[in-house]
Each structure stands twice: as C-alpha cells, then as structure tokens.
Amino acid sequence: MNTLERFKKEIPELVRTHRKKSALSQAALANLAGVGKTVIFDLEHGKMTIQLDTLLRILGALNIEMRFHSPLLQAMKETQS
C-alpha cells in the first residue's frame, strides 16, 4: 500500500475515532477547528482534497500531532554533528 492509499484509510479513521472518544459531534469539532462541518464529514469519509492548513487545524483541535520521518534528513543531521 503506497502512502496516499494509507493516508486515505488512516486519516479518516484517526479523526473519526478521536472525535468520538472526545464525545464531539462533527459540528462541534468543526467549530473547535474553525472549519465547516462538511469538511469534517468529507474528511471522515475519505475525501482527500483538504488543504494542509485545514487538516492541521482539525488535528490540532483533537490534540493529534502530525510527524514526518526522513531517513535522508536524519542521516545528514547525524553527519553534521
């Protein structure tokens, strides 16, 4: 499974699970994140045409941190130390 396919599966599940565990409706999460409730609906149903800043606001409202891992960048930092 490539990265895009993994994101299409994992991000909706991650957002939906955290939202429900936080006892938030889609509208309540949208209000916290400062987005429209259709954005939350679309995201939870796998629509991946969301802007990065919008996704980050939603994840931030759910206290989810997004991280990227780059073996190349890590190796470069290690050689510079």
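Which hand does the crossing of α2 and α4 have, right-handed or left-handed? I would like to come to that by way of the whole chain, and I should say at the outset that what we are looking at is a predicted model.

Let me begin with the overall architecture. The secondary structure of the protein chain comes to 5 helices and 0 strands, and if you read along the sequence you meet the pattern α-α-α-α-α. As for dimensions, the C-alpha atoms fill a box of roughly 50 × 25 × 20 Å when it is taken along the principal axes. The radius of gyration of the protein chain is 15 Å, whereas a compact globule of 81 residues would have a value near 12 Å. Buried residues make up 21% of the 81 residues, and among the contacts with a separation of 6 or more, 51% are accounted for by residues 24 or more positions apart.

Now to the helix pairs. In general, two packed helices are described by the angle between their axes and the distance between the axes, and I will take both pairs in those terms.

The pair I asked about is α2 with helix α4, the latter covering residues 52–61. Their axes come within 8 Å and cross at roughly 110°, and because angles of 65 to 115 degrees count as roughly perpendicular, α2 is described as roughly perpendicular to α4. To return to my opening question, the crossing of α2 and α4 is right-handed. On the α2 side the contact is made by Leu29, Leu32 and Ala33, and on the α4 side by Arg57, Ile58 and Ala61. By class, the residues of this contact divide into 5 nonpolar, no polar and 1 charged.

The other pair is α2, which spans residues 26–33, with helix α3, which spans residues 37–44. Here the helices pack at an angle of about 115°, with their axes 8 Å apart, and α2 and α3 are therefore roughly perpendicular to each other. This crossing, of α2 and α3, is right-handed. If you would like to follow the contact in the structure above, look for Gln26, Ala27, Leu29 and Ala30 in α2, which meet Lys37, Ile40, Phe41 and Glu44 in α3. Sorted by class, the contact of α2 with α3 has 5 nonpolar, 1 polar and 2 charged residues.

One residue deserves a second look before I stop: Leu29 of α2 takes part in the contact with α3, and Leu29 is also listed in the contact with α4.

Conventions:
Residues numbered from 1 in each chain as written. Predicted model: local features only at pLDDT ≥ 70, side-chain atom pairs only at ≥ 80, totals over all residues. Heavy atoms only, no water. Axes fitted to C-alpha atoms, helices over the stretch in contact; angles between N-to-C directions. Helix = DSSP H or I, 4+ residues; strand = E, 2+ residues; numbered from the N terminus. Parallel < 35°, antiparallel > 145°, perpendicular 65-115°, else oblique. Left-handed = near helix turned anticlockwise from the far one by under 90°. Contact = heavy atoms within 4.5 Å. Nonpolar A, V, L, I, M, F, W, Y, C, P; charged D, E, K, R; others polar. Rg over C-alpha atoms; globule rule 2.2 N^0.38 Å. Buried < 20%, exposed > 50% of the residue type's maximum accessible area, 1.4 Å probe, protein only.
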